[in-house]
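Today I open my notebook on a new protein and look things up one by one. Come along and keep the picture beside you as you read.

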Amino acid sequence: MMNVFQFVCALILLHNVKRGEGQQECKALVGGNKCSCSYSDTTTGTSKVFDFTVLGKQSGGPAFPYQGAVQKPDDYVYAYNPCYPFTDGMCTNVAACQKNKGGTIFYDIGDPNTPAFSVENGDIVITYTTSDARTSKVYFHCDASAKKKATYIVQGELSTGTYTFTINTCLACVNDVAGCMTGSSGLTAGGVICIVFTVLVVVYFVGGILFMKYVRGAQGKEVIPNYDFWSDFPALVKDGVMHLVGLCRGDSTSGYESIK
């Protein structure tokens with residue numbers, strides 16, 4: 001039988017284990033944001049706000065479309081949309097939906113209005129429950145290589161009534177990842193300028209050639225708009241470069257007279 005000393009040691013060990021489990025937590029932010037939590041690790045003194053809002057779609061269906069379970073396969077497929085509710089079939093305003101592969105049976109497996117945040121093995125976990133005791137657990141796992149697009153894995157119904165998913169994303173990393181989810185939508189200003197410039201150049205030359213050929217009746221190289229200018233352009237560039245080189249060297253005989 002266990003003596004008093006062994007009993008006390010067991011209590012101390014159990015206390016330390018329980019305390020260790022509570023060293024990492026992520027608390028929901030005040031204000032109704034369904035995809036953000038404030039993370040803290042009392043062991044390392046680390047604190048951070050995790051925000052997965054950018055992963056969700058506000059309209060047009062779930063951000064993570066229907067997939068079959070890989071860990072516990074069944075006759076169903078599962079879709080998930082973080083942060084915003086979606087509707088499909090009998091799933092109305094849900095965070096997650098389960099349907100049979102024939103598309104005739106639907107189950108709501110995640111109420112978007114009741115997310116609960118936690119930390120398990122370094123993953124940020126959002127748990128959704130429903131009125132009929134179905135639960136979805138979504139593990140946001142740190143993947144520093146998933147900078148532009150998160151990956152979605154359906155584990156399946158690992159325990160009765162509980163459906164497990166994993167989202168691999170750089171947004172779940174405690175240490176900030178350079179370039180994480182930047183430029184994932186839209187064009188940069190530089191990209192827009194390059195596109196506009198390219199279009200203008202194409203219009204200039206194609207439109208100019210057609211005009212010179214069919215309106216002016218030009219032939220051969222004369223169909224190139226402003227041919228005299230473009231034929232002299234390389235020489236003009238060369239002269240400009242040589243002049244700048246001469247100025248940098250202090251050469252007063254660079255080919256241009258100084259302004260009096």
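Before I look at any sheet, I need one term: two strands pair if DSSP finds at least two bridges between them. I also note that this is a predicted model.

**Entry 1: a sheet**

I started with the strands. In what order do the three strands of the open sheet lie? I found the order S1-S2-S3, with antiparallel pairing. The edge strands are S1, residues 24-28, and S3, residues 46-51, and each of them pairs on one side only. From one strand to the next, I read an average twist of 20 degrees.

A reminder to myself: strands of a sheet pair through backbone hydrogen bonds, either parallel or antiparallel.

Then I looked at S1 and S2 together. Strand S2 covers residues 36-41, and five bridges join S1 to S2. As one point to find on screen, I picked Lys27, which stands opposite Ser38 in S2.

**Entry 2: salt bridges**

Lys27 came up again when I turned to charges. Its partner in a salt bridge is Glu25, and the closest N and O atoms are 3.8 Å apart. A salt bridge needs the nitrogen within 4 Å of a carboxyl oxygen, so I count this pair at 3.8 Å. Are the two residues buried or exposed? Lys27 counts as exposed because its relative accessibility is 52%, and the cut-off for exposed is over 50%. Glu25 has a relative accessible area of 33%, so I wrote it down as partly exposed.

How many salt bridges does the structure have by this rule? The count comes to five. I looked up two others.

One of them joins Lys137 and Glu120, with 2.9 Å between the closest N and O atoms. Lys137 lies in strand S12 and Glu120 in strand S10 (residues 116-120), so this pair ties together parts that are 17 residues apart in sequence. Glu120 is partly exposed at 26% relative accessibility.

The other is between the side chains of Arg134 and Asp132, at 3.4 Å from N to O. Here the two partners get different labels: Arg134 is buried, with a relative accessible area of 18%, whereas Asp132 is partly exposed at 44%. Arg134 is called buried because 18% falls under the 20% cut-off.

**Entry 3: disulfides**

Next I went through the cysteines. The structure holds five disulfides. When I numbered the bonded cysteines in sequence order, the pairing read 1-3, 2-4, 5-6, 7-9, 8-10. I followed three of the links.

Cys91 and Cys97 form a disulfide with their sulfur atoms 2.1 Å apart. The angle about the S-S bond is 75 degrees, and the link is right-handed. Cys91 counts as buried at 0% relative accessibility, and Cys97 counts as buried at 0% too.

Cys142 is joined to Cys173, S to S 2.0 Å. The torsion about this S-S bond is about 90 degrees, so the disulfide is right-handed. Which parts of the chain does the pair link? Cys142 sits in strand S12 (residues 135-142), while Cys173 sits in the loop between strand S14 (162-169) and helix H2 (189-214); the two are 31 residues apart, and the pair links distant parts of the chain. Cys142 counts as partly exposed at 34% relative accessibility, but Cys173 is buried at 3%.

Cys170 is joined to Cys180, again S to S 2.0 Å. I read a torsion of about 85 degrees about the S-S bond, so this disulfide is right-handed. Both cysteines lie in the loop between S14 and H2, so the pair ties together parts that are 10 residues apart in sequence. Cys170 is buried at 3% relative accessibility, and Cys180 is buried at 17%.

**Entry 4: a nonpolar patch**

Last, I turned to the surface. Which residues form the nonpolar patch? I listed Tyr204, Phe229, Trp230, Phe233, Leu236, Val237, Val241 and Val245, with about 650 Å² of accessible area together. Helix H3, residues 227-249, gives the most to the patch, with seven residues.

I chose Val237 for a check, a residue that lies in H3. Val237 is partly exposed, with a relative accessible area of 40%. A patch residue needs over 30% relative accessible area, so Val237 at 40% meets that part of the rule.

How values were computed:
Residues are numbered from 1 along each chain as its sequence is written. This is a predicted model: local features need pLDDT of at least 70, side-chain atom pairs count only at pLDDT 80 or more; totals for chains, interfaces and linings use all residues. Side-chain values use heavy atoms; hydrogens and water are left out. Helices (H or I, at least four residues) and strands (E, at least two) are DSSP runs, numbered from the N terminus. Axes are lines fitted to C-alpha atoms, for helices over the stretch in contact, and angles run from 0 to 180 degrees between N-to-C directions. Patches are made of residues with over 30% relative accessible area and no salt bridge: like charges are joined within 9 Å, nonpolar side chains (Val, Leu, Ile, Met, Phe, Trp, Tyr) within 5 Å. Accessible areas come from the Shrake-Rupley method with a 1.4 Å probe; for residues, only the protein chains shown count as cover. Buried means under 20% relative accessible area, exposed over 50%, partly exposed in between (1.4 Å probe, protein chains only). A disulfide is a pair of cysteine sulfur atoms within 2.5 Å.
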